[in-house]
Amino acid sequence: MPSALPLADPAPLDGLLPASVLEGASTRDFGVYLHVPFCRVRCGYCDFNTYTAEELRGTKRSDYASQAAIEVELGARVLEQAGLPRREATTVFFGGGTPTLLPASDLVSMFDAVRSAWGVAEGAEVTTEANPDSVDLDYLRTLKRAGFTRVSFGMQSAVPHVLATLERTHDPERIPLVVQWAREAGLDVSLDLIYGTPGESLDDWRRSLEHAIAQNPDHLSAYALIVEDGTKLARQIRRGEVSQPDDDLEADMYELADRMLTDAGFEWYEVSNWARGAEHASRHNLAYWRGHDWWGVGPGAHSHVGGVRWWNVKHPAAYADRVLAGHSPAAGRETLDAQTRRTESILLLSRIRDGLVIADLDAGARSAVAGLIADGLVDGAAAVRGSIVLTVRGRLLADAVVRRLLPESD
C-alpha cells in the first residue's frame, strides 16, 4: 500500500486558511493539480497513492469526477474567504495513478469545474498523464477540444525485460502510435523514462533513449528508480530475488542521457527534465519548484498556498465521505516558518537551471559558491552571471550542493 501521510497539525473541517497567506499573493502564480488515484495494476516499484479495482471498497470510479468537482468548489470558497485576489489557473495537471483510466468526459468535467470555480488563464498549460495503452485518437481529440494542451506518456523503457521487471503492461511498440495520435490531436508530448531498474544494462538504457528521441517529443523526463519501503520491489530486493539498483551505473546512465539528449537538441532545465526550448518546459512543475501556489484535488493530494501546506485523506472512500459531507478532505497541514521556507527554496531552486540567484543567498551560502565552483559542482560562468547552475556532476550530487549552501541543515 502507499506510504503513510506526514505528521502535522490537524486541518480544520472548513479548510479556512490563516491571514498570513495574503502576503505576496499577487506575485505568485496559481495552479491546480487533480489526482486520479486509479490504476489497472499496481506496479511493483510504485509508492504513489493509487488503487486497483480490488482496493476500491466503499466507492466507485464512476463517482469520482463529481466528488473532485465538489472539492474544487470548496477550494474556490476557501481562497475567497481568505481574502486572496482571484487568480486564474495558469497550469492544470491531471496526475495519478492513471487519469486516462477514466472516460475522457470525466477528465473534461473535472477541468470544467476548475474553469468554473477559478477560471483558466489564456495560454494556460493543461496536462494529463497517460499510460500508452489507456488512450486512442478519439480520446485525445476529446481532451484537445476541451482545452487540454499537453499529454505526458509513461513510457519508462523501450526494453521488454525492463518493462516486465517494472510490471508495466504496455508494448513499447505502441509508443510511436500514441505519440502520432497526440500529434494528430494537436497536443504537445512529453515522455517519462525510468533508469536503474534491476537487470537494466547501459545498452538497455541507450536503446530506450534512442527510442524516445526517435519520437521527437517536446519534453522528456528521466528519473532514477528509487526503491521505496513497503513496495513489492523493496521486498523482492530484500529477499534477494532481484538486485539492488547500482548507484555507479545510475550515474553513468544519467550522464549518457544528458549527452544524448543534448546532442538531439533538448535543453536541460531541471535535474531530471529536458525540453525542446523553454516554451516546452513543464510550467506546472516549475511552479512547484519556484514555490508558487497550487490546490491539490483528490485523495492524498498535497496543496500549498502562501506558506501553508496540507494534504488530503488517502483512501478514495474516506475522501468521498468528507467531500459529500461538505467538509474539507484535508487530513493535516503545516504552516512553514521563514527558515523552513528559505531552506526549501534553496532545495528546490538549486535543481533548476538559473533558478537560484546568488544575491538571494545569505553571506555564508554566498561564500560557499566559490568552493562549489572549484569542486566542479557549479558552472563558474553562470555564477559570474549571478545564478547557480549545476554541472552534470552537480546534478548527480545535488544534495551535496544543498548541504554546502545550508550547512546548518546537517
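**Salt bridges, one helix and two cavities**

Let's start with a pair: Arg-309 forms a salt bridge with Glu-334, with the closest N and O atoms 2.8 Å apart. This pair links distant parts of the chain, 25 residues apart: Arg-309 is in strand E11 (residues 308–312) and Glu-334 in strand E12 (residues 330–335). By salt bridge I mean a side-chain nitrogen of Lys or Arg within 4 Å of a carboxyl oxygen of Asp or Glu. Helices (H or I, at least four residues) and strands (E, at least two) are DSSP runs, numbered from the N terminus.

Ground rules next. This is a predicted model: local features need pLDDT of at least 70, side-chain atom pairs count only at pLDDT 80 or more, and totals for chains, interfaces and linings use all residues. Residues are numbered from 1 along each chain as its sequence is written, and side-chain values use heavy atoms, with hydrogens and water left out.

Back to the pair. Is Arg-309 buried or exposed? Arg-309 is buried, at 19% relative accessible area. Glu-334 is partly exposed, at 26%. The cut-offs: buried is under 20% relative accessible area, exposed is over 50%, and partly exposed is in between (1.4 Å probe, protein chains only).

How many salt bridges does a search of the whole structure find? It finds 12. One of them joins the side chains of Arg-404 and Asp-375, at 2.9 Å, N to O. Arg-404 lies in helix H15 (residues 398–405), and Asp-375 in the loop between helix H12 (363–374) and helix H13 (380–384), so the pair ties together parts that are 29 residues apart in sequence. Arg-404 is partly exposed at 34% relative accessibility. Asp-375 is partly exposed too, at 37%. There is also a network: salt bridges that share partners join Arg-28, Arg-87 and Asp-293. Then Arg-239 and Glu-241, whose side chains meet at 2.7 Å, N to O. Arg-239 counts as exposed, at 52%. Glu-241 counts as partly exposed, at 48%.

Now helix H5, residues 175–185. Its buried residues are Ile-175, Val-178, Val-179, Trp-181, Ala-182 and Ala-185. Seen down the axis of H5, they fall within an arc of 160°, so they line one face of the helix. That arc is taken from the directions from the helix axis to the C-beta atoms. The general background: an α-helix has 3.6 residues a turn, so residues three or four places apart point the same way. What do the buried residues of H5 pack against? They pack against helix H3 (137–146), strand E4 (150–156), strand E5 (188–195) and helix H6 (202–214). Contact here means heavy atoms within 4.5 Å. Just after H5, Gly-186 takes a positive phi of about 95°.

Last topic, cavities. The structure holds two of 30 Å³ or more. On a 1 Å grid over the protein atoms alone, a cavity is a set of points where a 1.4 Å probe fits but cannot get out; lining residues have an atom within 4 Å of a point.

The largest has a volume of about 50 Å³. Its lining includes Trp-295, Trp-310 and Arg-333.

The second largest holds about 40 Å³. Among its lining residues are Asp-29, Phe-30, His-284 and Asp-293. That Asp-293 also sits in the salt-bridge network. Which element gives the largest share of this lining? H9 does, with three residues. Strand E1 (30–36), strand E2 (89–96), helix H9 (283–289) and strand E9 (293–297) each supply at least two.

Methods:
1 Å grid on protein atoms, 1.4 Å probe; cavity = no way out; pocket = protein on both sides within 12 Å on 5 of 7 lines; lining within 4 Å. Points joined across faces, edges and corners; volume = space filled by probe spheres on them.
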